[in-house]
Amino acid sequence: MKKNIVLIIIMKEQILLRISMFIKRGEFMKTHHNLYLLVSLLLLLLFAAGSFSLLSTEIFAYRRLNETIQSQEDVSLPLAYVHTKLKHASARGQIAYVTKPITCLQIKEKETVTYLYYQDGYIKEITAVSSYQPTFEEGTKLFQVDAFTIIEKQDCFLFTVEKDGKKEQLSIYLYGKAG
């Protein structure tokens, strides 16, 4: 038992001697300095990773919001165009719902007639002189949509636009109609 205690004391002294030599040669300070450097670099890496994840999350959220707004505009913009077009002419009785040769809205001006209709996946518009009946294939493509319907009930029009599974409707009451 005494031999074990003596052995432990000798080992303790050798360890203390090595530590003191380690400290005297400056190796302890170098190791300590390396530890501070390592901790600083780890904190910098943690900050960079956090910043990157925050930035990527913000970019993803912005992209998703932008896609939502864009898809909503795809159905609301054609209806806004129709509303603006009809608002200008509705009070003067210049609008008629025509079903032949194609279902469309006919907006009469002094010397011209504008037709607003759906054909080949597009909402189209064509303006012609009042005395001329245009071919509807010549129309200007305004908006690409999946479906565009016009329903007339008395002096009220119901417009429906559908694109990419989204559907929106617009009801417009006309004070006077062409007839």
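Begin with the whole chain in a cartoon view, where the secondary structure comes to two helices and eight strands, and where the elements, followed from the N terminus on, run α-α-β-β-β-β-β-β-β-β. Keep in mind while looking that this is a predicted model, and colour the chain by pLDDT before going further: the mean over the chain is 79, and 77% of the residues reach 70 or more. With that colouring on, select helix 1 (residues 2–24), where confidence is lowest at a mean of 64, and then strand 4, where confidence is highest at 87.

Next, switch to a surface representation of the chain, which exposes about 13300 Å², with carbon and sulfur atoms supplying 62% of that area. Of the 179 residues in the chain, 25% count as buried. If you draw a contact map alongside the surface, then among the contacts between residues at least 6 apart in sequence, 32% join residues at least 24 apart.

**The sheet of strands 1 to 5**

Go back to the cartoon and select strands 1 to 5, which form an open sheet in the order 1-2-3-4-5 with antiparallel pairing. Strand 1 (95–98) and strand 5 (140–144) stand at the edges, and each has a single partner strand, so one side of each is left without a neighbour in the sheet. Ignoring direction, neighbouring strands of this sheet are turned against each other by 20 degrees on average.

Within this sheet, select strand 2 (residues 104–108) and pick out Leu105, which is found there. Is Leu105 buried or exposed? Its relative accessible area is 0%, and because the cut-off for buried is under 20%, Leu105 counts as buried. Display its surroundings, leaving aside the neighbours within four places in sequence, and you will find Leu105 in contact with Leu86, Ile95, Ala96, Tyr97, Thr114, Tyr115, Leu116, Ile150, Phe157 and Phe159. A distance label is useful here as well: the C-alpha atoms of Leu105 and Tyr117, which lie 12 residues apart along the chain, are separated by 6.6 Å.

Move on to strand 4 (residues 122–129) and select Glu125, which has its place in that strand. Glu125 is buried, with a relative accessible area of 13%. Which side chains make polar contacts with the side chain of Glu125? One is the side chain of Tyr81, at 2.8 Å, and another is the side chain of Lys85, at 3.0 Å. When residues up to four places away in sequence are not counted, Glu125 touches Tyr81, Lys85, Thr114, Tyr115, Leu116, Tyr117, Gly139, Thr140 and Leu142.

Stay with strand 4 and add strand 5 to the selection, since the two pair in the antiparallel sense over four bridges. To follow one of these pairings, select Lys124, whose bridge partner in strand 5 is Lys141. While side chains are displayed along these strands, one general point helps with reading them: in a regular strand the side chains alternate between the two faces of the sheet.

**The sheet of strands 6 to 8**

Now hide the five-stranded sheet and select strands 6, 7 and 8, an open sheet of three strands in the order 6-7-8 with antiparallel pairing. Strand 6 (147–153) and strand 8 (166–173) stand at the edges with a single partner strand each, so one side of each is left without a neighbour in the sheet. The twist from one strand to the next averages 15 degrees.

How many bridges join strand 6 to strand 7? There are seven, and strand 6 and strand 7 (residues 156–163) run antiparallel. Two opposing pairs are convenient to select here: Ala147 stands opposite Glu162 in strand 7, and Phe148 stands opposite Val161, likewise in strand 7. Then follow the chain into the hairpin of strand 6 and strand 7, which has two residues between the strands, and select Gln154, which takes a positive phi near 55 degrees.

The last stop is Thr160, which has its place in strand 7. At 7% relative accessibility, Thr160 counts as buried. Show its contacts, again leaving aside the neighbours within four places in sequence, and the residues that light up are Ala147, Phe148, Thr149, Lys167, Glu168 and Gln169.

Technical notes: Residues numbered from 1 in each chain as written. Predicted model: local features only at pLDDT ≥ 70, side-chain atom pairs only at ≥ 80, totals over all residues. Heavy atoms only, no water. Buried < 20%, exposed > 50% of the residue type's maximum accessible area, 1.4 Å probe, protein only. Polar contact = N/O pair within 3.5 Å; in protein donor to acceptor, adjacent residues only side chain to side chain. Contact = heavy atoms within 4.5 Å. pLDDT = per-residue confidence, 0-100. Pairing = 2+ DSSP bridges. Axes fitted to C-alpha atoms, helices over the stretch in contact; angles between N-to-C directions. Areas by Shrake-Rupley, 256 points an atom, 1.4 Å probe, with all protein chains shown as cover.
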